[in-house]
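Here's a quick briefing to read with the coordinates open in your viewer. Pull up the chain and follow along.

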Amino acid sequence: MITTIENSSFKSLNLHPSIQKALEETGYNQPTPIQSEAIPSLLKGRDLLGCAQTGTGKTAAFALPILHNLYINKIKIQPRHVRALILTPTRELAIQVHESFTQYGKHLRIKTAVVFGGVGQNPQIRATAQGVDVLVATPGRLLDLIGQGFIRLNQLEVFVLDEADRMLDMGFVHDIKKILKLLPAKRHNLFFSATMPPEIEKLASSILSNPVKVEVTPVSSTAELIEQSVMFVEKENKRPLLKEVLLNKDLKKVIVFTRTKHGANKVVEFLGKNNITAEAIHGNKSQSARQRALENFRNGLTRVLIATDIAARGIDVDEISHVINFDLPNVSEDYVHRIGRTARAGRSGSAISFCDAEEKAFLKDIEKLIGKSITPIENHSFHSKAVVDSRLLTKGKAKAIIEAREKPTNNFRSRNFNKKKTQPKKAE
Ligand code: AMP
């Protein structure tokens, strides 16, 4: 089970009985820390700044009081209008958040809809035509539909920005600002982000008014629940190493992270040739292909899912036994997000990272963020002492080398020359 607060109950939060009934049916007995901290203030209509990532129960923390307030103050919605808007960075997260609203609100007469890009817009236009209480949306498609006059936000009561840091990473800042301009000045605002760098704080303060702040599981402490190890390996041996690691059947449900979409496809192909069924989800796949791959993974048909950071964001699959970082991310927070896919809901989980010579710079940074060193594992066929002994590069240099390797350009020659200079031990 997810970490909940003992001796605390949803009853004491005074949520509408129909919501409590839905929670019982869902199997939630006690609120999680973010739920018991956020719900009372949200029921009173206070703005909220939540520093929390997925896995903490944050969706219910905002969905439950929103449903309660909308239901208690039920009004007749005008066609095309929306009462509560939840903006999410990815389609997968939008679908999940919408499912949560549907589940928790199943005994209320509350109309919900979800809109996102990559699929036809007509069903979404039909779903919102009569107006909805709750709309979950990704920014691009929402602006499209608003631009065509199918959705109106000028009577909005509640605005939620979910995973704000990821929104900014994905370049949605202008879309968000456009959407904000369309909202009425008086509204209830909720803002969630896993990390709070200065630009996120600035955006939050431009949206929120006198917010309550709720912070749970700071990024560095989540990692402590997960058994973490690192395998030092030459870049060209990563695929055979992955095959070897996957031969261990204790790895029951595995997400493998690669840096690029191309890399993800190549890993799927390699594993396929070695009779290990794997599927990839990333931005180049159609929405239906991603959904199908996710469903196969969820119900155990596929044991190994290969993902890039963006595609994996917000994926809510329980019982992931292992996360493998085929490539280490150069943004340390991404490491924490990735490994947060396992050990969900209080279960145990492991994260194994493959680290080549250049990636040692990223490893160092990650260890700094999580405040501990990651245990090296040497008893595998591809352990490389040369990688262990290789010179530690600066992060910038390491990133430049890796990017040059992935995208050979006209000046590849000179970059390659650099690489040879800084990495004499690495045979290409
Ligand atoms: P979230 O952080 O919103 O992605 O939620 C993480 C997981 O915890 C989801 O699978 C939820 O269904 C589950 N969850 C949320 N709240 C509770 C609760 N109070 N008790 C048990 N499970 C919960």
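What follows goes from the overall numbers to strands, helices, aromatic contacts and a few loop residues.

Keep in mind that this is a predicted model. The chain has 19 helices and 14 strands, and buried residues account for 55% of its 428 residues. If you look at contacts with a separation of 6 or more, 77% of them involve residues 24 or more positions apart.

**The seven-stranded sheet**

- One open sheet holds seven strands with parallel pairing, in the order β10-β11-β9-β12-β13-β8-β14.
- The edges belong to β10 (278–281) and β14 (375–376); each has a single partner strand, so one side of each is left without a neighbour in the sheet.
- Inside that order, β9 (residues 254–257) and β12 (residues 322–325) pair in the parallel sense, with four bridges between them.
- To find the register, start from Val254, whose bridge partner in β12 is His322.

**Helices lying across that sheet**

- Helix α13 (residues 287–298) lies across β9, β10 and β11 (304–307), and runs at about 135° to β10.
- Helix α16 (residues 360–370) lies across β8 (227–232) and β13 (350–355), at about 165° to β8.
- The buried residues in α16 include Lys360, Ala361, Phe362, Leu363, Ile366 and Ile370.
- Just past the end of α16 comes Gly371, which takes a positive phi of about 75°.

**Strand β5 and its partners**

- Strand β5 (residues 158–161) pairs with β2 (residues 82–87) in the parallel sense over four bridges, and Leu85 has Phe159 as its bridge partner in β5.
- Another four bridges join β5 to β6, again running parallel; here Val158 stands opposite His188 in β6.
- Which way do the side chains of β5 point? Val158 and Val160 go one way, Phe159 and Leu161 go the other way, and all are buried.

**Helix α3**

- With 15 residues at 1.5 Å a residue, α3 should span 21 Å; its end C-alpha atoms are 22 Å apart, which agrees.
- Of those 15 residues, 13 are buried, so α3 is largely enclosed by the rest of the structure.

**Aromatic pairs**

- A search of the whole structure turns up four aromatic pairs.
- In one of them, the rings of Phe62 and Phe192 have centres 5.2 Å apart and planes at 45°, so the pair is tilted. Stacked would need planes under 30 degrees apart and edge-to-face over 60.
- That pair ties together distant parts of the chain, with Phe62 in helix α3 (residues 58–72) and Phe192 in strand β6 (residues 188–193), 130 residues apart.
- Both Phe62 and Phe192 are buried.
- Phe326 and Phe354 make up another tilted pair, 6.0 Å centre to centre with 50° between the planes.
- This one links distant parts of the chain too: Phe326 is in the loop between β12 and α15 (332–339) and Phe354 is in strand β13, 28 residues apart.
- As for burial, Phe326 is buried, and so is Phe354.
- Ring pairs also join Phe62, Phe101 and Phe192 into a cluster.

**Lysines over rings**

- Phe326 also has a charge over its face: Lys238 lies there at 5.7 Å from the ring centre.
- Lys253 does something similar with Phe297, its charged end sitting over the ring, 5.9 Å from the centre.

**Loop residues to check**

- Arg80 has a positive phi, near 70°, in a residue other than glycine; Arg80 is in the loop between α3 and β2.
- Is Arg80 buried or partly exposed? At 32% relative accessibility, Arg80 counts as partly exposed.
- Asn275 is not a glycine either, yet has a positive phi of about 60°. You'll find Asn275 in the loop between α12 (261–273) and β10.
- At 73% relative accessibility, Asn275 counts as exposed.
- Thr90, in the loop between β2 and α4 (91–104), has 4% relative accessibility and so counts as buried.
- The C-alpha atoms of Thr90 and Met170 are separated by 9.4 Å, while the two residues are 80 residues apart along the chain.

Methods
Residues numbered from 1 in each chain as written. Heavy atoms only, no water. Pairing = 2+ DSSP bridges. Helix = DSSP H or I, 4+ residues; strand = E, 2+ residues; numbered from the N terminus. Contact = heavy atoms within 4.5 Å. Axes fitted to C-alpha atoms, helices over the stretch in contact; angles between N-to-C directions. Phe/Tyr/Trp six-rings, centres within 6.5 Å; stacked < 30°, edge-to-face > 60°. Buried < 20%, exposed > 50% of the residue type's maximum accessible area, 1.4 Å probe, protein only. Lys NZ or Arg CZ within 6 Å of the ring centre and 35° of its normal. Expected span 1.5 Å × (residues − 1).
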